[in-house]
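Student: I'm new to this one and would like a close look at a single part of it. Could you pick a pair of side chains, walk me through it, and then show me how it fits into the rest?

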Amino acid sequence: MSNLQQSYNAGQTRGQANEKAEQWTESAKETAHNARDKTANAAQSTKESAQHGQQQASGFIQQTGESVKNMAQGAVDGVKNTLGINEKK
């Protein structure tokens, strides 16, 4: 094989290797981009779930507070009635 043919073959092999490397690089970039998107979506979903849970907890605590307040007022009224000091309007 002549030097010219060897140089041609070497150049062709180098070109094919460069093309393959570019394909792998693009594939890696695409994979990284997809992973980033999935991570961002998971983080957003987690944030929304946490906010929803916080809202539910706040509503529950407010409801419980109202119930306790009403029970306490009922107890106060009961004691006042028992002692005969309840103000009737």
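Tutor: Sure, let's start with a charged pair: arginine 36 forms a salt bridge with aspartate 37, and their closest N and O atoms are 3.7 Å apart. A salt bridge here is a side-chain nitrogen of Lys or Arg within 4 Å of a carboxyl oxygen of Asp or Glu. Side chains of opposite charge can pair when their charged atoms come close.

Before going on, a word on where this comes from. This is a predicted model, in which local features need pLDDT of at least 70 and side-chain atom pairs count only at pLDDT 80 or more, while totals for chains, interfaces and linings use all residues. Residues are numbered from 1 along each chain as its sequence is written, and side-chain values use heavy atoms, with hydrogens and water left out.

Back to the pair: how open are its two partners? Arginine 36 counts as exposed because its relative accessibility is 52%, whereas aspartate 37 is partly exposed, at 30% relative accessible area. The cut-offs are under 20% for buried, over 50% for exposed and in between for partly exposed (1.4 Å probe, protein chains only).

The structure holds 2 salt bridges. Another salt bridge joins glutamate 26 to lysine 29, with 3.8 Å between the closest N and O atoms. Those two residues sit in helix α1, 3 residues apart, which is about one turn of the helix. Glutamate 26 is partly exposed, with a relative accessible area of 48%.

Now zoom out to the chain. It has 1 helix and 0 strands; helices (H or I, at least four residues) and strands (E, at least two) are DSSP runs, numbered from the N terminus. The C-alpha trace spans about 120 × 15 × 10 Å along its principal axes. Its radius of gyration is 38 Å, while a compact globule of 89 residues would have one near 12 Å. That radius is taken over C-alpha atoms, and the globule rule is 2.2 Å times the number of residues to the power 0.38. Buried residues make up 0% of the 89.

You can follow the helix by picking out a few residues. Glutamine 55 lies in helix α1 and is exposed, at 58% relative accessible area. From glutamine 55 to histidine 33 is 22 residues in sequence and 33 Å in space, C-alpha to C-alpha. Alanine 75 is in helix α1 too, and it is partly exposed, at 46%. The C-alpha atoms of alanine 75 and alanine 28 are 70 Å apart, with the two residues 47 apart along the chain.

Finally, look past the helix. Isoleucine 85 is in the segment after α1 (3-83), and at 54% relative accessibility it counts as exposed. Together with Val79 and Leu83, Ile85 makes a nonpolar surface patch of about 310 Å². Patches are made of residues with over 30% relative accessible area and no salt bridge, with like charges joined within 9 Å and nonpolar side chains (Val, Leu, Ile, Met, Phe, Trp, Tyr) within 5 Å.

Notes: Areas by Shrake-Rupley, 256 points an atom, 1.4 Å probe, with all protein chains shown as cover.
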